[in-house]
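Welcome, and please open your viewer for a short guided tour. At each stop you will find something to select and a note on what is there.

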Amino acid sequence: MTTVHDPERKRALILRLKRVEGQLRGIQKLLDEDADCEKVAQQLAAARKALDKSFFTMVSCVIAQGDVPADDVADMLARFS
């Protein structure tokens, strides 16, 4: 496989993951504070969507770099999405 080569894309991906990390900490705090389950579920769904977006951003980097054959990218998408 390959890695993300473009420093700008790599930085953007890391920043996005740091935001997700913050969301997860917020969810932990909600649980510690005995927040309503619906509120927790809403935040979990938001964090899941943010992680999905991070995944697809990373896949788009792989495609844009052109290092990986299309069949390998398709296989990765089938396995992990």
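The tour starts with the whole chain and then moves from one selection to the next.

**Before you click**

This is a predicted model, in which local features need pLDDT of at least 70 and side-chain atom pairs count only at pLDDT 80 or more, while totals for chains, interfaces and linings use all residues. Residues are numbered from 1 along each chain as its sequence is written, and side-chain values use heavy atoms, with hydrogens and water left out.

**Stop 1: the whole protein**

Show the protein as a cartoon. You should find 3 helices and 0 strands, in the order α-α-α from the N terminus. The radius of gyration is 16 Å, well over the 12 Å that the globule rule gives for 81 residues, so the protein is more spread out than a compact globule. Helices (H or I, at least four residues) and strands (E, at least two) are DSSP runs, numbered from the N terminus. The radius of gyration is taken over C-alpha atoms, and the globule rule is 2.2 Å times the number of residues to the power 0.38.

Along the principal axes, the C-alpha atoms fill a box of roughly 50 × 25 × 15 Å.

Now switch on the surface. About 6000 Å² is exposed, and carbon and sulfur atoms supply 55% of that area; the areas come from the Shrake-Rupley method with a 1.4 Å probe, and for residues only the protein chains shown count as cover. Of the 81 residues, 20% count as buried. Buried means under 20% relative accessible area, exposed over 50%, and partly exposed in between (1.4 Å probe, protein chains only).

Colour by charge next. There are 13 positive and 13 negative side chains, and the centres of the two sets lie 6 Å apart. Lys and Arg count as positive and Asp and Glu as negative, with His and the chain ends not counted; the place of a charge is NZ of Lys, CZ of Arg, CG of Asp or CD of Glu.

How much of the contact total, at a separation of 6 or more, comes from residues 24 or more positions apart? Such residues account for 62% of those contacts, where contact means heavy atoms within 4.5 Å.

**Stop 2: helix 1 and the loop after it**

Select residues 7-32, which form helix 1, and pick out L24 there. With 37% relative accessibility, L24 counts as partly exposed. Draw a line from L24 to R79: they are 55 residues apart in sequence, and their C-alpha atoms are 24 Å apart in space.

L15 is also in helix 1. Its relative accessible area is 36%, partly exposed.

Go on to D34, in the loop between helix 1 and helix 2. Is D34 buried or exposed? D34 is exposed, at 68% relative accessible area. Check its backbone too: phi of D34 is near 55 degrees, a positive value in a residue other than glycine.

**Stop 3: where helix 2 meets helix 1**

Select S54, found in helix 2. S54 is buried, at 4% relative accessibility. Not counting residues up to four places away in sequence, S54 touches L13, R16, L17 and V20.

T57 also has its place in helix 2, and is partly exposed at 23%. With the same sequence neighbours set aside, T57 touches L13 and R16. The C-alpha atoms of T57 and L13 are separated by 7.3 Å, although the two are 44 residues apart along the chain.

**Stop 4: the largest nonpolar core**

Select F55, V59, V62, V68, V73 and M76 together, the 6 residues of the largest nonpolar core. Helix 2 (37-65) and helix 3 (70-80) are the elements that give two or more residues to this core, and helix 2 supplies the largest share, 3 residues. A nonpolar core is a set of buried Ala, Val, Leu, Ile, Met, Phe, Trp, Tyr and Cys residues joined through side-chain atoms within 4.5 Å.

Zoom in on F55, in helix 2. F55 is buried, at 17% relative accessible area. Which residues is F55 in contact with, leaving aside neighbours within four places in sequence? They are M76, L77, F80 and S81. Measuring C-alpha to C-alpha, F55 is 13 Å from L15 and 17 Å from L24.

Finish at V73. Not counting residues up to four places away in sequence, V73 touches V59, V62, I63 and V68.
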